[in-house]
Amino acid sequence: MLATLQEACDVDMHDRDDLPHPDLVARVRGKQGLLSVVTDAIDRSVFEAGSDLKVVSTIAVGYNNIDLAAARERNVIVTNTPDVLTEAAADL
């Protein structure tokens, strides 16, 4: 998936520990898409800084880390990864 994104887009990826929230806010400026993890708080400040955002996706079953009202106000599509834990839960 990453290779496909890199072929089609300019990718700014943070692949270390959790990204501090102020760094996320600073790096989202000028971006059209954001792929986040459940520990990222995608709140109003992220949407205000990321005024070019068109889509925000989270690698999680839910999306309670995303301010849906702020996304809706800016017509940003929000997605998640449903069923990502289905197999693990079945194994358990």
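This report describes the sheet and the nonpolar core of a predicted model.

## Basis

Local features are given where pLDDT is at least 70 and side-chain atom pairs where pLDDT is 80 or more, while totals for chains, interfaces and linings use all residues. Residues are numbered from 1 along each chain as its sequence is written, and side-chain values rest on heavy atoms, with hydrogens and water left out.

## Sheet

Three strands (DSSP runs of E, at least two residues, numbered from the N terminus) form an open sheet in the order E1-E2-E3, with parallel pairing, where pairing requires that DSSP finds at least two bridges between two strands. E1 and E3 (77-79) stand at the edges with a single partner strand each, so one side of each is left without a neighbour in the sheet.

Five bridges join E1 to E2 (residues 55-59), and in this pair Ser 36 has Thr 58 as its bridge partner; three bridges join E2 to E3, where Ser 57 is partnered by Thr 79.

## Core

The largest nonpolar core (buried Ala, Val, Leu, Ile, Met, Phe, Trp, Tyr and Cys residues joined through side-chain atoms within 4.5 Å) has 15 residues, of which Leu 34, Ile 42, Val 46, Phe 47, Leu 53 and Val 56 touch the most other members. Helices H2 (21-27), H3 (44-49) and H4 (68-73), being DSSP runs of H or I with at least four residues, are the elements that give two or more residues to this core, and the largest share, three residues, comes from H3.

Leu 34 lies with Ser 36 on the covered face of E1 (residues 33-37), and among its contacts (heavy atoms within 4.5 Å) beyond four places in sequence are Leu 24, Ile 42 and Val 56.

How values were computed
Buried < 20%, exposed > 50% of the residue type's maximum accessible area, 1.4 Å probe, protein only.
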